Amino acid sequence: MATDQRGRMPAGAQLSDASGIGRRGVLGAAGALAAAGGVITAARAQAPTIRLGVLTDMSGPYRDPTGPGSVACTQQAATEMANRGFTVEVIQADHQNKPDVGANIARQWYDQGVDAIVDVPTSSVALAINGIAREKNKVFLNSGAASSDLTGSACSPNTVHFTYDTYMLAKGTGAALARSGGDTWFFITADYAFGHALQRDTSRFVEAAGGKVLGAARYPFPATTDFSAFLVQAQSSRAKVLGLANAGTDTSTCIKQAREFGLTRNMKIAGLLMSFMEVHSLGLPTAQGLLMTEPFYWDLNDRTRAFAERVRPRMPGQAMPTQVQAGCYGVTMHYLKAVADMGAVQAKADGRAAVARMKAMPTDDDAFGQGRVREDGRKIHPSYLFEVKAPAESRGPWDYLKIVATTPAEEAFRPIAEGGCPLVRS
Amino acid sequence: MEDLFGIPAPLLFGQLLLGLINGAFYAMLSLGLAVIFGLLNIVNMAHGALFMMGAFVAWLLLDKLGLGYWWALLLSPFIVGAFGVVLEKLFISRLYKLDHLYGLLLTFGLALVIEGVFRNEFGSSGLPYRIPPELAGSWDLDFMFLPIYRAWVVVFALVACLATWLVIEKTRLGAYLRAATENAPLVQAFGVNVPRMVTLTYGAGVALAALGGVLAAPIYSVNPQMGSNLIIVVFAVVVIGGMGSILGAVLTGFGLGIVEGMTKVFYPEASATVIFVIMVIVLLARPAGLFGRA
Amino acid sequence: MSDTAITAGSLPAPKAENAVAWGFSRAQFAALTAMIVFLAVAPFVLYPVFIMKLLCFALFALAFNLLIGYVGLLSFGHAAYFGMGGYIAGYSAKALGLSPELGILAGGVVAGLLGAVFGWVAIRRQGIYFAMITLALAQMVYFFCVQAPFTGGEDGIQAIPRGSFLGVVPLDRDMAMYWLVAGIFLGAFLLIHRIVHSPFGQVLKAIRENEPRTISLGYKTDQYKLVAFILSTALAGVAGATKSLVFGIATLTDVHWAMSGEVVLMTLVGGLGTTFGPVIGAAVIVTMQNYLAELGAWVTVIQGVIFVACVLAFRRGIIGELGNLLKVKL
């Protein structure tokens with residue numbers, strides 16, 4: 001997830017981290033973390049162990065779409081890739097959406113023999129770990145962060161960015177909607193870099209598809225709890241689509257208040273960064289008619305349904321996996337296949353080589369189907385524009401979305417030449 | 001359509017009204033803070049957390065007991081108020097002889113505990129709470145759609161503030177309260193149980209916060225950090241108004257809500273900071289606050 | 001007021017008779033020696049990055065204690081200066097290519113300037129009003145940092161180079177950085193001690209004990225308070241600047257009000273108005289967070305409980321209680 005909502009963190013989401021105190025302290029903490037995370041495979045004699053650290057938001061605003069579910073999906077992949085000549089161990093930690101906390105844990109993990117760090121929502125934390133993985137020649141398998149810089153100016157030979165990014169979101173929603181009649185837009189934008197980027201990219205695609213942006217209201221982030229003033233402005237613009245260039249609770253509150261102020265009667269609302277987990281917490285009566293782009297939904301096809309059924313017993317509250325959680329599964333599967341292909345000992349010794357092997361092999365997993373990892377570390381797959389079903393259309397729990405449009409894999413992401421990734425030139 | 005300051009007049013009126021609605025929350029919270037401060041001389045840093053609790057209790061009543069909005073409006077302030085009474089008895093009452101800053105630190109700690117517990121229990125992503133069917137829908141006021149529930153919030157908050165003011169200014173209980181604020185030992189000497197009055201005052205101030213929480217539940221997101229977002233702004237409101245006067249707290253709350261609403265029209269980027277800027281100006285011109293006694 | 005003043009940790013100052021050197025009493029001198037020995041040995045035994053983090057927070061708490069402990073002013077917005085120092089140092093090192101010592105200096109200067117402006121506004125009110133005003137002003141800084149382009153918004157400033165000290169000593173190795181951080185910490189520690197024991201410091205303490213009387217003695221207390229505020233904020237800026245170079249990142253975490261609460265907690269746990277309390281308090285809190293990281297949100301609850309416990313039963317803090325027990329001033 002792109003934004004970090006430190007301002008919305010409860011009072012005490014205070015700094016805490018896992019930088020070690022002494023070597024003994026380090027090992028003790030590692031033991032505790034491993035115990036807490038659940039070592040999923042008993043060590044077998046002599047077989048090398050691949051250690052995966054799921055670093056995610058276990059307590060903050062992104063806990064539900066990432067968090068324990070990301071851990072469960074990573075463990076699912078580890079289970080499915082068992083018996084390939086190495087054992088897999090999954091540990092977890094909470095980065096609390098703080099870059100220095102995340103960076104500390106990552107340094108310590110890599111120093112203690114963690115081979116790959118998985119997930120890492122919140123762009124600021126992801127960017128910090130991107131650098132550490134490169135410095136220590138380990139592997140960073142990102143699913144949760146939105147920043148397209150991870151495969152752009154900050155791209156690294158040690159990183160794979162799997163699930164989505166801001167470019168994909170903007171294109172999937174902006175271009176597809178403008179083409180299908182949603183050609184006049186008004187934005188409500190969180191006034192900081194992420195919000196600006198999302199608004200700018202989406203506007204570009206809307207305009208490229210012949211649409212028009214009628215206006216935008218930038219609201220102070222993270223201090224705004226009442227969006228009615230901006231919603232009234234949006235209403236009086238008479239735009240057909242309201243684009244919400246924000247995330248998390250801001251998006252939910254906007255949607256709730258948009259319904260209250262009757263915007264849904266004559267406007268379509270597009271949450272530019274939403275997952276169906278937010279639909280789940282808003283409830284269908286409030287969320288119906290919303291538009292959002294995701295590369296994964298559990299009910300896409302037989303393979304996604306099979307994957308969802310397999311992983312659900314592990315999921316907190318038996319929830320369906322979200323795109324980020326499914327991404328943790330997909331990227332872990334692919335990494336472990338690459339490890340099996342090149343040999344665990346070599347993969348552990350050289351993170352860069354492991355990622356190079358991932359790029360050389362086509363991907364294929366139940367959640368995302370067939371695809372590939374590009375030279376800049378970007379995983380390529382189609383993205384889908386979904387509309388939230390009306391309560392009457394829903395056939396049961398978790399049946400929330402229907403596909404409105406599909407963006408094919410090769411068009412869904414930023415063209416490799418436009419990203420400015422230094423790896424590509426060399 | 002006429003323009004005022006380059007903005008269509010209807011839009012401006014609409015925003016004025018919306019500002020008033022947000023002002024209602026500022027007013028209720030700063031009123032509670034002022035009542036508590038008046039008698040206890042502490043800044044209740046836990047006020048935001050208790051506001052949040054009010055909303056959560058409403059949600060819990062619905063989810064666990066099936067009691068809807070109207071019950072919550074009645075019960076939640078009592079439940080949270082009772083919780084406040086326990087807090088006062090157990091913790092806050094031990095600090096009256098000490099520097100006021102200790103009260104601030106203690107209630108800050110309590111706020112951390114309360115928010116942390118709710119975050120562990122309910123996560124951070126927010127819980128759904130619907131507008132009661134009786135207040136759903138909206139009025140078409142020509143210049144804007146006014147959701148009926150928002151109108152209800154303003155009216156209800158005004159009534160609650162007015163009732164509090166009446167109790168303090170016009171009743172015997174209020175007279176004791178004001179007297180105890182001035183000189184507690186003397187009032188005690190007249191046979192009034194001042195410690196109990198202090199406890200109940202804290203409970204009442206907390207109940208006002210909880211009432212605000214219930215009012216907010218259907219329109220804001222019910223999440224553990226909903227109070228901490230609001231409370232720093234409310235502190236600025238209190239500094240601007242000065243904590244000396246009940247009416248001052250209410251007027252400042254509504255007034256600043258309107259100012260903030262106007263900022264959202266003319267320069268939305270500044271709407272978060274405008275109240276703090278006003279605070280600085282007031283401090284430079286009138287350090288005791290608009291309604292404060294120096 | 002003096003019997004109820006916030007600085008319950010301080011005992012009446014034992015005067016010069018048992019002072020050994022530089023205004024340190026014998027006990028304090030022993031503690032100082034122990035601290036220096038620890039600084040020299042620690043990086044060989046413990047994880048140097050951890051010790052550096054601890055020292056940055058200890059310095060932050062010392063700066064904060066200068067205000068609360070010796071002037072009796074509770075600033076609830078010190079994260080603004082800490083975080084701003086970090087951003088300035090990060091920006092100077094990364095975008096302007098300044099050397100680390102200049103970056104840290106710039107961080108301190110800018111934080112001090114910010115402190116001068118905010119202090120000028122805030123000292124108009126005392127007590128809880130002062131706390132609320134500093135909190136509100138710090139919140140403005142937070143909003144500024146979210147929006148300002150140079151801070152990198154929610155991504156923060158990433159990959160800040162440590163550079164070379166005085167252009168000669170490269171600081172990329174943790175041990176090299178450690179000695180710089182230890183030096184800054186020790187220097188600032190001695191500076192604060194010197195300030196507190198100067199005639200200027202005596203006036204500050206007089207203000208804490210009884211401001212009206214100090215005014216009646218002819219001191220312009222507002223000026224003293226403002227200077228103390230600027231010194232405190234500048235040192236907080238130095239702490240934040242150093243931290244951003246150690247970790248190579250400067251982010252919104254450090255300007256958020258939760259950080260302001262955290263430094264209050266560190267100082268309270270260690271002992272308000274004691275010489276060594278903030279250091280011990282920072283060590284306790286940072287270590288605790290380290291071990292409790294996997295508990296997630298419970299860390300918040302535990303910190304809240306510590307707050308409540310300290311205020312109710314433990315107002316002197318660790319060092320204050322220890323000093324009381326040993327009948328010395330630490």
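1. Domains of chain A. The domain assignment splits chain A of this predicted model into domain 1 (23–164 + 304–381) and domain 2 (167–294 + 382–412). Each domain is written as two stretches of sequence, as the bounds show. The C-alpha centres of domain 1 of chain A and domain 2 of chain A are 29 Å apart. To the contact between them, domain 1 of chain A brings 13 residues and domain 2 of chain A brings 15 residues. On the side of domain 1 of chain A that touches domain 2 of chain A, seven residues are nonpolar, five are polar and one is charged.

2. Make-up of chain A. The chain holds 16 helices and 15 strands. Of the 426 residues in chain A, 67% are buried. Among contacts in chain A with a separation of 6 or more, 74% join residues 24 or more positions apart.

3. Confidence in chain A. Mean pLDDT for chain A is 85, with 89% of its residues at 70 or more. Which element of chain A has the lowest mean pLDDT, and which the highest? The lowest, 40, belongs to helix α1 (residues 22–37) of chain A, and the highest, 97, to strand β4 (residues 139–142) of chain A. Over residues 1–44 of chain A, pLDDT stays under 50. The model nevertheless has 150 contacts beyond four places in sequence for residues 1–44 of chain A. Where pLDDT is low, the predicted coordinates should not be read in detail.

4. Thr122(A). This residue sits in the loop between β3 (116–119) and α4 (123–135) of chain A. Thr122(A) is not a glycine, yet its phi is positive, at about 80 degrees. Most residues other than glycine have a negative phi. Is Thr122(A) buried or exposed? Thr122(A) counts as buried because it has 32 C-beta neighbours inside 10 Å, and the cut-off for buried is 20 or more.

5. Asn41(B). A second positive phi in a residue other than glycine is found at Asn41(B), near 60 degrees. Asn41(B) lies in the loop between α1 (9–40) and α2 (47–65) of chain B. With 17 other C-beta atoms within 10 Å, Asn41(B) is partly exposed, because that class covers counts between 12 and 20.

6. Arg414(A). The loop between α15 (409–412) and α16 (422–425) of chain A contains Arg414(A). Arg414(A) has 21 other C-beta atoms within 10 Å and is therefore buried. Leaving out residues up to four places away in sequence, Arg414(A) touches Ser148(A), Tyr167(A) and Gly419(A). Between the C-alpha atoms of Arg414(A) and Phe187(A) there are 22 Å, and along the chain these two residues are 227 residues apart.

7. Chains B and C. In the contact between these chains, 35 residues of chain B meet 34 residues of chain C. On the side of chain B that touches chain C, α4 (100–122), α9 (226–241) and α11 (274–285) of chain B each supply at least two residues. Which element gives the most to that side? α4(B) does, with 16 residues. By class, the side of chain B that touches chain C has 25 nonpolar residues, five polar and five charged.

8. The largest nonpolar core. This core has 369 residues, and Ile117(A), Leu242(A) and Leu59(C) touch the most other members. The element giving the most to this core is α1(B), with 20 residues. Both domain 1 (23–164 + 304–381) and domain 2 (167–294 + 382–412) of chain A give residues to this core, so it lies between them. Apart from neighbours within four places in sequence, the contacts of Leu59(C) are Phe185(C), Ala188(C), Leu235(C), Val238(C) and Ala239(C).

9. Two helices. Helix α8 (residues 194–216) of chain B has 23 residues. From its first C-alpha to its last, α8(B) reaches 33 Å, close to the 33 Å expected at 1.5 Å a residue. Of the 23 residues of α8(B), 18 are buried. Helix α10 (residues 257–270) of chain C has 14 residues, which should span 20 Å at 1.5 Å a residue; the end C-alpha atoms are 20 Å apart, so the two values agree. In α10(C), 14 of 14 residues are buried. Just after α10(C) comes Gly271(C), with a positive phi of about 130 degrees.

Key
Residues numbered from 1 in each chain as written. Chains lettered and ligands numbered in written order. Predicted model: local features only at pLDDT ≥ 70, side-chain atom pairs only at ≥ 80, totals over all residues. Domains from an automatic or database assignment. Contact = placed C-beta atoms within 7 Å. Nonpolar A, V, L, I, M, F, W, Y, C, P; charged D, E, K, R; others polar. Helix = DSSP H or I, 4+ residues; strand = E, 2+ residues; numbered from the N terminus. Expected span 1.5 Å × (residues − 1). pLDDT = per-residue confidence, 0-100. Core = buried A, V, L, I, M, F, W, Y, C linked by C-beta atoms within 7 Å.
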